[in-house]
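Trainee: Could you walk me through this model, one question at a time? I'd like to see how the pieces fit together.

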Amino acid sequence: MNGRLALLAAVDRDTTESEVFRLALQHAVAELGGLGGMVHLRGPMSALRLVSSAGLPPAHTLPWEIVLQEGEAAPAQAVRRGHQVWVPEPGPDDTGLRTGMAAVPVFDGDRTAGALTVWSGDRGEPADEQWAFLRAVAAWAEGRMRQAPPPARPPQEASIGSHLTTARRTVEVGTWDWNIRTGELAWDEAAMKVYGTDPADFVPSVESWMKIVHPDDLPSTLAAAQQAIRDRGVFAAEYRVRRPDGGYGWTQARARVIVDDRGEPVRMVGHGWDSTEARSVSDALSRALRHMTDGFLALDDTARIAFVNLEAERTLGSSEEELIGQVLWELPSLRRVPGLEERCRKATGSATPAGFEIQLPDTGHWYHLRLVPVPGGTTCYFSDVTERRRHDAEREDAERAAARRAARISELTAALAKATTSRDVVDAVARRVLPPFGATGLIVQAIEDNRAYNVGAVGYSREFLAGMDGNRVSASTPIAHAMRTGEPLFVSSAQEYADRYPNLADRPHAVGKQSWAFLPLTASGRPFGACVISFDRPRRLTGEERTLLTAIAALVAQALERARLYDAEHTRAQELQRGLLPRELPSPPACTAVARYLPAGQGMEVGGDWYDIIPLSAEQVAFVIGDVMGHGLSEAATMGRLRTAVHTLAHLELPPDEIMSHLNEIVGGLGADSYATCLYALYDSTTRSCTFARAGHPPPAVVHPDGTAYFPGVIPDPPLGAAVPPFDTVDLTLPEGSLLALYTDGLVESAERDIDEGLGRLSRLLRDSRNLDLHRVCDAVTAGLLPAEQQTPDDAALLVVRVHGLSRGQMASWPLPEDPRAAGEARKHVREQLTLWGLDELAMTTELLASELVANVVRHAKGPVRLRLLRSASLVCEVSDGSLTTPRIRRALETDEGGRGLQLISALCERWGTRYTATGKSIWTEQALPAP
């Protein structure tokens with residue numbers, strides 16, 4: 001509190017009276033935590049006039065502009081009593097608070113000159129120290145009022161609530177009191193001077209005032225007075241009064257209606273002052289507004305036009321006489337402007353300036369309309385912005401065109417960045433370049449050894465393209481011209497084409513094109529081809545279009561150069577892949593097989609997936625599938641090594657688990673980061689049994705002819721390179737015609753599909769297509785699991801086998817004794833069985849083979865001994881025993897009595913070998929069947 005008084009004491013002595021009141025109110029309201037405050041001063045008659053306010057909007061200070069001294073309001077009581085007053089009162093209408101007013105008198109010497117009032121909010125009556133502060137602030141204001149200098153110029157506002165004391169010193173303000181019921185009118189001396197009346201001649205009646213008002217202004221002024229009486233509100237008017245010299249001068253008046261206890265109007269108390277000088281300034285301003293270059297309108301509070309300048313008349317297409325009094329948005333020229341009324345009402349209702357653009361339907365011109373709310377109405381400014389909008393539209397069109405060009409370049413750049421092959425580049429150009437330009441044809445050619453080779457084309461017949469592919473590039477062609485100069489060549493019509501190249505004049509008609517853009521393709525400073533974009537109608541490309549096509553050609557050249565390198569690398573990679581995979585599958589009698597290899601959708605590196613079918617002895621066959629983890633030449637080489645190793649191990653007639661153990665050693669020796677999955681299955685067509693082992697590989701799918709489908713052996717061993725032998729094996733019995741599907745994980749597993757879902761779908765596809773040709777089975781499976789439109793992240797291999805078994809009539813088997821008689825019995829069985837099969841011409845050779853095999857077993861092995869003959873694609877003679885000793889061919893010396901049996905066997909048959917079984921071994925031979 002003391003701090004506030006210290007601040008006030010530091011205010012300069014020459015501070016104006018209005019600033020004194022403002023500072024006093026600000027500190028008083030802040031100290032009491034009030035809502036706002038007011039300062040009232042005495043007038044020459046029985047009224048207090050508001051001279052300053054703080055914290056209160058004009059709508060709430062208006063009723064307090066004139067306060068009767070004899071009333072019960074807090075300022076009036078403080079002035080009459082000469083001491084502090086607390087009056088509980090309702091707060092402002094929209095606060096909803098019950099508040100009170102604390103007022104202290106302001107003295108001018110020994111008499112009260114006015115009151116300082118604070119609306120205290122909801123804190124109740126001020127405490128003693130707060131009252132003391134208010135009295136101290138009032139005393140400070142009293143002292144500074146007497147010291148305040150007179151203002152340098154009159155106030156510019158004619159508001160009774162704006163620094164009345166200051167205005168009183170510079171402009172003569174008269175006060176009047178009109179008894180509405182009796183018509184008695186009282187003027188003070190200042191009012192006599194304002195209205196040019198001699199006090200001796202003045203008759204105190206309202207008629208005296210009416211006589212001096214200009215006849216043209218009297219009706220509107222009386223109407224304003226009657227309106228104030230009806231509304232119990234404020235009267236405000238400006239009108240002309242007659243001077244003693246017979247002329248007229250302008251005055252302004254403002255008053256408040258006083259009501260009795262019943263609310264009936266009884267008096268009107270107000271004041272008036274001379275406004276001739278201000279009116280002259282207003283008239284000068286009006287003339288300036290009248291001739292300003294922008295349109296200007298003044299609207300009253302009902303949105304009717306009260307003033308219009310010449311430019312607004314021209315803009316709205318009507319004269320001043322036709323516009324005055326009209327509602328703005330109801331004017332014929334503005335009536336069809338959409339949303340004008342709504343936006344005008346919103347601007348005037350918000351009491352804040354607003355601006356927007358409208359188009360006049362009659363002229364098509366655009367105007368910026370600015371609405372500025374002012375006391376008593378709204379001012380409107382019209383600025384013609386048609387030319388600016390045209391320039392803006394042109395700029396926006398140019399910006400949109402540039403944005404479209406940038407977007408096209410960006411889209412094409414993105415598409416070309418994704419393109420890996422030359423075909424991808426051509427497709428990207430066809431999709432991203434031809435439609436925006438309205439082009440219908442595209443040819444991309446590469447030039448090698450002065451010959452043109454088609455990379456890709458759109459919109460041309462096969463016959464025409466075939467005629468161009470591989471031809472020598474003549475110097476008198478547009479492509480040669482573009483490549484020789486390194487600059488694009490644009491031909492806008494068929495006639496221009498014929499004039500430039502008479503030897504090719506018939507070509508436009510042959511291909512149905514009418515204009516062209518020949519764009520050289522250059523990479524590393526060397527032209528290597530051309531891109532030809534053609535149109536089916538004459539077309540003269542603009543400079544902007546030519547620039548864009550030239551930029552596009554540069555992008556295409558870079559992408560195509562990368563794609564050509566990719567194509568070459570990819571071709572070599574595919575050749576390597578094809579060289580490592582079987583060129584065609586063998587067709588043993590034990591099965592029918594079809595395979596599919598599907599490379600990954602992205603990247604040029606080969607994968608490590610492989611498959612194989614290996615025919616073995618005694619109508620057995622091995623099915624193999626594997627996957628070396630990773631992609632690249634190293635993985636492909638590893639795959640080739642494993643495939644070779646599997647062939648070698650399989651022909652050693654080792655069981656599946658031993659083969660897997662050997663493969664595990666091979667992969668483990670390749671390095672710590674080398675891993676592979678593998679499945680090896682051995683099928684015996686004589687027993688229809690299948691034994692398989694797998695290392696980290698998905699299980700085979702088995703489908704019986706009756707539709708039964710399953711995946712045997714759910715839990716695999718770890719991958720090769722990480723497994724620890726021995727490997728588990730699974731034994732199956734496959735009915736005749738069963739399907740066996742071997743595959744890699746790329747077929748059934750992806751980022752969008754887990755392996756269980758993939759296995760379920762594979763099972764359904766195989767079951768549904770089991771009776772189809774195997775090629776159609778593979779097509780159904782690959783289409784269902786790897787649609788052509790989807791690119792796969794991993795290679796996939798599929799091997800589908802339909803197994804067959806030997807019938808009983810194709811097999812014959814006999815036990816043999818473990819003594820020298822065995823050879824004779826073997827020859828007898830062979831002779832009888834071959835006669836039964838109609839193979840008598842093989843009987844002698846087969847008897848000899850069987851005799852030598854049995855003799856070898858009897859001499860070097862142990863029983864039991866058994867002979868078996870198989871008649872399939874060849875004749876198989878097989879002798880089994882219980883020994884694991886392996887017969888080997890050796891070179892017998894001339895003095896050796898034996899050691900020539902296996903040499904004889906090798907000379908008499910096509911193939912022979914030894915196979916180990918669960919009970920011993922089998923030595924077998926194969927002979928070709930005689931031609932039918």
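Trainee: Which residue in β11 is the bridge partner of Arg 254?

Mentor: Quick ground rules: this is a predicted model, where local features need pLDDT of at least 70, side-chain atom pairs count only at pLDDT 80 or more, and totals for chains, interfaces and linings use all residues. Residues are numbered from 1 along each chain as its sequence is written, and side-chain values use heavy atoms, with hydrogens and water left out. Strand β10 (residues 248-259) pairs with β11 in the antiparallel sense over nine bridges, where pairing takes at least two DSSP bridges between the strands; strands (E, at least two residues) and helices (H or I, at least four) are DSSP runs numbered from the N terminus. In that ladder, the β11 partner of Arg 254 is His 271.

Trainee: And which residue stands opposite His 271 on the β7 side?

Mentor: Strand β7 (residues 173-179) runs antiparallel to β11, and seven bridges join them. Opposite His 271 stands Thr 175.

Trainee: Why is β11 largely enclosed by the rest of the structure?

Mentor: Look at burial, meaning under 20% relative accessible area with a 1.4 Å probe and protein chains only (exposed is over 50%, partly exposed in between). Strand β11 (residues 265-274) is largely enclosed because its buried residues number nine of the 10.

Trainee: What is the phi of Gly 263 in the turn between β10 and β11?

Mentor: Those two strands form a hairpin, with five residues between them. Gly 263 sits in that turn, and its phi is positive, about 85°.

Trainee: Moving on, at what angle do α22 and α23 pack?

Mentor: Axes here are lines fitted to C-alpha atoms, for helices over the stretch in contact, and angles run from 0 to 180 degrees between N-to-C directions. Helix α22 (residues 633-651) and helix α23 (residues 656-668) have axes 10 Å apart, and the angle is about 150°. That makes the pair roughly antiparallel, a label for angles over 145 degrees (under 35 is roughly parallel, 65 to 115 roughly perpendicular, the rest oblique).

Trainee: How many residues of that contact are nonpolar?

Mentor: Contact means heavy atoms within 4.5 Å. On the α22 side, Leu 642, Ala 645, Val 646, Leu 649 and Ala 650 take part, meeting Ile 659, His 662, Leu 663, Ile 666 and Val 667 of α23. Nonpolar covers Ala, Val, Leu, Ile, Met, Phe, Trp, Tyr, Cys and Pro; Asp, Glu, Lys and Arg are charged, and the others, Gly among them, polar. The split is no charged, one polar and, for nonpolar, nine.

Trainee: Which strands stand at the edges of the open sheet with β24, β25 and β26 in it?

Mentor: Five strands pair antiparallel in the order β23-β24-β25-β26-β29. The end strands each have a single partner, so one side of each lacks a neighbour in the sheet. Those edges are β23 (607-615) and β29 (730-733).

Trainee: Which residue in β29 does Ser 689 stand opposite?

Mentor: Strand β26 (residues 689-695) pairs with β29 over four bridges in the antiparallel sense. There, Ser 689 faces Thr 733.

Trainee: Last one: which residue just after α4 takes a positive phi?

Mentor: Helix α4 (residues 74-81) has six of its eight residues buried, so it is largely enclosed by the rest of the structure. The buried ones include Ala 74, Pro 75 and Val 79. Just past the helix, the residue with a positive phi, about 80°, is Gly 82.
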